[in-house]
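Labels such as "exposed" or "paired" are handy at the bench, but it helps to see what stands behind them. Shall we go through some of them together?

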Amino acid sequence: MLWNFKPQARAFRYVGHKDVVTSVQFSPLGNLLASASRDRTVRLWIPDKRGKSSEFKAHTAPVRSVDFSTDGRLLATASEDKSIKVWSIYRQRFLYSLYRHTHWVRCAKFSPDGRLIVSCSEDKTVKIWDSTNKQCVKNFSDSVGFANFVDFNPSGTCIASAGSDHTVKIWDLRMNKLLQHYQVHSGGVNCLSFHPSGNFLITASSDGTLKILDLLEGRLIYTLQGHTGPVYTVSFSKNGELFSSGGADTQVLLWRTNFDDFKSKDTKRNVKGLQLDSTPHLLDIYPRTPHPHERTETVEINPKLEVIDLQISTPPVVDMLSFDSATTTETNGRTPPEKGEEICGYFLNPSLMSPECSATIMKKKAEDTSDFPSESQRNIPLALANVLEHVMEQLHVLTQTVSILEQRLTVTEDKLKECLENQQKLFSATQQKS
C-alpha cells in the first residue's frame, strides 16, 4: 500500500502478488517500488494510478527481502531457497546468484558504494560478499541465535544485525571485530535502521517496543511504546527527521525525532573523537582474523513517551490491479507513452534517466496519483489474465530447466577439458621417463 497524505489522506493498494508481501523498498529516485513475496516472485511497480508492474521469477522459495543499490542500477533479493540473487534494473533481467548460506536467507543489503553485499541467514551467519567477483569475503558466525535483519551504516564501515536472540550487534569491517553488543530488548529484534548521521540506531522488536541507541556513547537513550504487539519494521526518512514503524497490531505509526535537538551539544563534543574514515577497501576485509564477542554495558532510559492516536476517518483505498503477462517485461496492454515517457524508455530504464527526464516522470507521477483510476482500468477480464499468467509460468519453468541444463553441460565440458589436459600431462611425463 502506498500512502499519500497531501492534499488529503488516501491509500493506493497495488494488487498483483498471490501471497504475503514480505518486503518493499523505493528506488533511490523514488520512481520505482520493489516488492518481495512468499509467492516466490519480485515485482517492480511504477507508483502511480496505473499500477504497472514487472515481475521477476528466479527464486524457488519465498522471497524475504529486496534492496536497491545506491545508484539504482541493481536489485538484491534474499530468499528461503538459501540464495541471494542480483538483478539488473536497466535490462530487467537476472544477473547472478550468491550461494554459501546453508539455511533460509532473511535479508540482503548493498553497501553505500555498491561494492559489497551483506546478508544474514537462519544458519546463524552474517556474510559479506564482493559484488564484483561474487565471492564471500567475510563470515561472522554466532552460536546463540540468527539475525533477522542486517544493514550497513551510512559510511559503509560497519554493519549492524538484529538478532532473534534479543541482541543488536555492530561489527567494524576494517578491524574485523565486534564493536558493540546491545541487550536491551526482551524479545527478538526484527528490524533496525541507521540515522543518516550514523550516530543513532533505531530497533524494532517482538517485545512491542522501539529503542533508539546512541552509537557514540554506546547506550540506550529512548524506549518508544506505541504498538500493542510485536513491531516488525522501522525506517528513518532520508533526512532523519521522521521515522515510521509497522507492527502486528495492523498499525503504521509515523514518528518525529527530537533526540538530535537534545543531544546537539553532546554530538558537537564528540565530533573531535570521531574518525571520519573512508569506505573500507576490500583488502581490509579479506584477512579472516578472529573477532572477540565482548559485551558493552548499556544504560536503559525510558522517558515513557505517550503516543497520541492521530488516526482520522478511514481514508479511501484505491485498488491497483496489475496483470503482468511476462516474466521480466512490463504489463501487457500498456497505454501509449507520452512524449516525456518515450524519451525515458517509459519502464525499461527508469533508474538511469537524466535529471530532466526524472523531473518529467516525477511531475507525471504527481498527476497520476491525483486521480482515481477509471472504471475501464478496473474491469480487466480476470479469467483471461489468469490463463495467460499460467501459460507464462509454464514457459518460465521450461526456460529455467533449459538454463540449468546449459549450466550442467558447461560444467561437464570444463571437467572433460581438465581431464584431457591432465591426461596429456601424464602422457608427457611418462614419455620423458621412458
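Q: Where is Thr-102 found, and why is Thr-102 called exposed?
A: In this predicted model, Thr-102 sits in the loop between strand E10 (93–99) and strand E11 (105–110). Its relative accessible area is 57%, and exposed means over 50%, so Thr-102 earns the label.

Q: What makes Lys-82 and Asp-123 contacts of Thr-102?
A: Contact means heavy atoms within 4.5 Å. Once neighbours within four places in sequence are set aside, Thr-102 is in contact with Lys-82 and Asp-123. For another view of the surroundings, Thr-102 and Lys-124 are 22 residues apart in sequence and 9.4 Å apart in space, going from C-alpha to C-alpha.

Q: Why is Lys-82 called partly exposed?
A: The class runs between the buried limit, under 20%, and the exposed limit, over 50%. Lys-82 has 38% relative accessibility, so it counts as partly exposed. Lys-82 is placed in the loop between strand E8 (74–79) and strand E9 (83–88).

Q: What makes the phi of Lys-82 worth a look?
A: Most residues other than glycine have a negative phi. The phi of Lys-82 is near 75°, a positive value in a residue that is not glycine.
Lys-134 has a positive phi as well, about 60°, and is not a glycine either. Lys-134 lies in the loop between strand E13 (125–130) and strand E14 (135–141). With a relative accessible area of 37%, Lys-134 is partly exposed, because that value falls between the 20% and 50% limits.

Q: How do you know that strand E23 and strand E24 pair?
A: Two strands pair if there are at least two bridges between them. E23 (residues 231–236) and E24 (residues 242–247) have five bridges, in the antiparallel sense, so the condition is met. As one example, Thr-233 has Gly-246 in E24 as its bridge partner. The two strands form a hairpin with five residues between them, and Gly-240 in the turn has a positive phi of about 80°.

Q: How do you know that E24 also pairs with strand E25?
A: Here too the test is at least two bridges. E24 and E25 (residues 252–256) have five bridges and run in the antiparallel sense, so they pair. The bridge partner of Phe-243 in E25 is Trp-255. In this hairpin four residues lie between the strands, and Thr-250 takes a positive phi near 65°.

Q: What makes E1 and strand E26 edge strands?
A: Three strands form an open sheet in the order E1-E2-E26, with mixed pairing. E1 and E26 (317–321) each pair on one side only, and that puts them at the edges. From one strand to the next, the twist averages 20°. E1 and E2 pair in the antiparallel sense over three bridges, and Trp-3 stands opposite Ala-11 in E2.

Q: Why is Phe-5 called exposed, and which patch includes Phe-5?
A: Phe-5 has a relative accessible area of 56%, which is over 50%, so it is exposed. Phe-5 is found in the loop between strand E1 (2–4) and strand E2 (10–15). Together with Met-1, Trp-3, Leu-254 and Val-317, Phe-5 forms a nonpolar patch on the surface, with about 550 Å² of accessible area together.

Technical notes:
Residues numbered from 1 in each chain as written. Predicted model: local features only at pLDDT ≥ 70, side-chain atom pairs only at ≥ 80, totals over all residues. Heavy atoms only, no water. Patch = residues over 30% accessible without salt bridge, like charges linked within 9 Å, V, L, I, M, F, W, Y side chains within 5 Å. Areas by Shrake-Rupley, 256 points an atom, 1.4 Å probe, with all protein chains shown as cover. Salt bridge = Lys/Arg side-chain N within 4 Å of Asp/Glu carboxyl O. Buried < 20%, exposed > 50% of the residue type's maximum accessible area, 1.4 Å probe, protein only. Axes fitted to C-alpha atoms, helices over the stretch in contact; angles between N-to-C directions.
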